[in-house]
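Below is a short set of notes for someone opening this structure for the first time. Please read them with the sequence and the model side by side.

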Amino acid sequence: MAADSVAAVGQPVIEWDTLAARARSRRRWTMTALYAFLIVVSVPILIPYLWMFTISISATTGGTDTFVLWRAVAILGPAVFAFWPLQAIFEDGKALQRARLVLVAVALIALAIFVAPHLHEHNFRFMWNRNFVDELRGYGGELIQQFPSVWVAFANSLLLAGAVMLIVVTVATLAGYYISRFAFAGRSTFLRSLLVLHAFPAMTLIIPIFLILFAVSEYGWILGEIIGLGTIGGVVLVICTIELPFAIFIMKGFFDAVPWEIEMSALADGASRRQAFVRVVLPQVKVGMFAIGIFAFIRGWEEYVFVRTLLQFEKSNWVMSLYLFWVADDIMGVDYGMVAAVGVLYVVPGLLLYVFTQKFLVQMTLGGIKG
Amino acid sequence: MARVELNNVRKAWGETVAVDDLTLTIEHGELVSILGPSGCGKSTILLMLAGIYAPTEGELRFDGQVVNEVEAKDRNVGIVFQSYALYPHMSVRQNIMFPMRFKQVPANEASRLVEEAADLVRVGDLLERRPSQLSGGQQQRVALARALVKEPQLLLLDEPLSNLDATLRMTMRSEIKSLQAKLGITTILVTHDQLEATTMADRIVCMKAGRIEQVGTPDDLYSRPSSLFVAGFIGAPPINLLPGKAVDGKLNVNDFSLTCEGAAAGDVTVGIRPERISFAEGGIPGTIDQTEPMGRETLYVVSCPLGSIRVLEAGSKAHRRIGEAVAISFDPSDTLVYDSRTEALLGDVRARAPS
């Protein structure tokens, strides 16, 4: 045995195998603890979405049965928690992967047997039938047509969020570049005030903003039609104003990371200032532009308070958040399945956007480190 | 290829003067090095020639034409920065192609030129890589290819070698020099490394605080530095500079009197290169303080009545020991005497050790 010869020389015996085993087990337990923590903290975030989704495809008009909901939770809850013991039991990465697949398969089969037969799409009828309220209450003569088509609200939301995104990205990119590259009087004051503006609670401005938009509508002639009270343009500008300070600050940081020499090189290579900006500098800050664009879009998509205050006068101007509010206001208690269904439609675009653009958002929080 | 002239050029940002009243002519195909410590305005000159900065006063001429107002993109100047400034989102090929995009060159002709330029600096097989996948030396070559591909009339190199390791620096030094000679392109090399300047340049422009101290061949600057600054800046190990006083035909350095040949009065500084001092019987007595074997030579620091003197002796082995009593001497023709106040060389003054 090697230990004898080592001991014979009079040196301490080092058991490399023991040390390696100890490091392995320590790593395993750290991962197990980490999984436990992540599962526990994610439950309060995931459960409401799960409920909303399950209710939207299972609840019936007038019904208060919750058995589908509980069945779904009873299957998915343990399934999610089971990830944790799996992590502790399986040491080998491949075996762990296989165990997880088995777990997912079991959960899916259980869902198919116990939950699937009770699912239906009836709650989503608002998507093709805008007279759902009249139908619920029974036709009493002529149609009230209380709601605009949900697709109008959906399109309005897209328009609002898209316009906010476009304006914020354009303005913040140009402003960030200027602040990063040019020295001008009051530059540092400007930067500091950007941060103060970001910290300022915009809600406190809601009455002045209302008055400004009202004045624009009253005295702004053609402008009143575009950015006055009750126009999507007006809300877009208000949200942009609130979003811009932070976005400019972020973009400034990204531009700071682009060396001046690259730009000078481009100029010497024969590019004009604009060509150097577009072809050489902008590609370096692409990640930042994506990130602030996504945040701006989501901000516009989820906006409620300002649209409630400034936009709800015309049904044709409703956005998704207003639509959801009025649906909930009208038929909650009678058909909460439909409220959940509207919620699902409202959540999906933002969710998809997050899923597909995570990469950029993570890079932004790292402060524009490029790979 | 261009003849470049700077006439009374001044560049200032408000109160800060980067370059002051600078006049310099660079001939066709010449390799001139602008040498000076950081902050002396040498990079500013480069950026003015490239058209990034506009001079506050004075004129820049390319081949006799004033180009002050000509935009950077129209000057046809190639530039290589210390950081190489490669475009990280482009492949090597796209990087070298970039300057060609702004020229009226047919696509196949342009890509031929790109490959030629890449082969010239031996990065022909790296064309599809990204700059981040290249070593420092390769990035440097790519930057050089990008600067050369459009056949510029002037090549500007801003500290091109200082990010490379010592061996690579030596290789690139000779490569750039031979490339420059082959292409015959007017080149300005900005550096703070005197070795880079003396080994590569036909002429050196030594600068201090925005002004030219001396212009000349590397040998001029080494053997006849026209100011105390140039004397101290050029040469490794540095020159011995001994502050003293000239009184009645004597140069008093510390407590020691040297004979003054020529007319000098007041505070002066005597400069002697370490390799111009030798150990000799009957010279100025002193003792060895320190020995530094440097390879081919050995540097001794000798403490003597003149002060602490550096003496460079051929031979890799230090055969004198610390504490050993020695005597040093020098030839009066090897001494440089400067006016301490104006820092200017007193051309006809020499110092002689008493015999």
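1. A good place to begin is B:Arg141, which counts as buried at 12% relative accessibility (buried means under 20% relative accessible area, exposed over 50% and partly exposed in between, with a 1.4 Å probe and protein chains only). The side chain of B:Arg141 meets that of B:Glu175 in a salt bridge of 3.0 Å, N to O, where a salt bridge is a side-chain nitrogen of Lys or Arg within 4 Å of a carboxyl oxygen of Asp or Glu. This pair links distant parts of the chain, since B:Glu175 is in helix H5 (residues 166-183) of chain B and B:Arg141 in helix H4 (residues 136-148) of chain B, 34 residues apart. Helices (H or I, at least four residues) and strands (E, at least two) are DSSP runs numbered from the N terminus.

2. On the basis of these notes: this is a predicted model, in which local features need pLDDT of at least 70 and side-chain atom pairs count only at pLDDT 80 or more, while totals for chains, interfaces and linings use all residues. Residues are numbered from 1 along each chain as its sequence is written, chains are lettered from A and ligands numbered from 1 in the order in which they are written, and side-chain values use heavy atoms, with hydrogens and water left out.

3. Chain A has 16 helices and zero strands. Its radius of gyration, taken over C-alpha atoms, is 28 Å, well over the 21 Å that the globule rule gives for 371 residues, so chain A is more spread out than a compact globule; the rule itself is 2.2 Å times the number of residues to the power 0.38. The C-alpha atoms of chain A fill a box of roughly 100 × 70 × 40 Å along the principal axes, and 40% of its 371 residues count as buried. Chain A exposes about 20500 Å², of which carbon and sulfur atoms supply 71%, the areas coming from the Shrake-Rupley method with a 1.4 Å probe.

4. Chain B holds eight helices and 20 strands, and its C-alpha trace spans about 75 × 45 × 35 Å along the principal axes. Of its 355 residues, 50% count as buried, and carbon and sulfur atoms supply 48% of the roughly 15600 Å² that chain B exposes.

5. Which residues touch the most other members of the largest nonpolar core? In this core of 66 residues they are A:Phe126, A:Phe132, A:Met320 and A:Tyr323, a nonpolar core being a set of buried Ala, Val, Leu, Ile, Met, Phe, Trp, Tyr and Cys residues joined through side-chain atoms within 4.5 Å. Helix H10 (residues 232-256) of chain A gives the largest share of this core, 13 residues. Leaving out residues up to four places away in sequence, A:Met320 touches A:Val150, A:Phe154, A:Trp301 and A:Tyr346, among others, contact meaning heavy atoms within 4.5 Å.

6. A:Arg308 lies in helix H14 (residues 305-310) of chain A and counts as partly exposed at 26% relative accessibility. Beyond its neighbours within four places in sequence, A:Arg308 is in contact with A:Leu322, A:Phe325 and A:Trp326. A:Arg308 and A:Leu322 are 14 residues apart in sequence and 6.7 Å apart in space, C-alpha to C-alpha.

7. In chain B, eight of the nine residues of helix H1 (residues 42-50) are buried, so this helix is largely enclosed by the rest of the structure. The buried residues include B:Lys42, B:Thr44 and B:Met48, and just after the helix B:Gly51 takes a positive phi of about 95 degrees.

8. B:Lys11, in strand E1 (residues 4-13) of chain B, deserves a second look. B:Lys11 is buried yet has no salt bridge, and the nearest side chain of opposite charge, B:Glu57, is 11 Å away; Lys and Arg count here as positive and Asp and Glu as negative, while His and the chain ends are not counted. Outside its neighbours within four places in sequence, the contacts of B:Lys11 include B:Thr44 and B:Met48.

9. Over all chains the structure holds 29 salt bridges. B:Arg112 forms one with B:Glu116, the closest N and O atoms being 2.4 Å apart, and both residues lie in helix H3 (residues 107-120) of chain B, four residues apart, about one turn of the helix. B:Arg10, B:Asp20, B:Glu57 and B:Arg211 are linked in a network of salt bridges.
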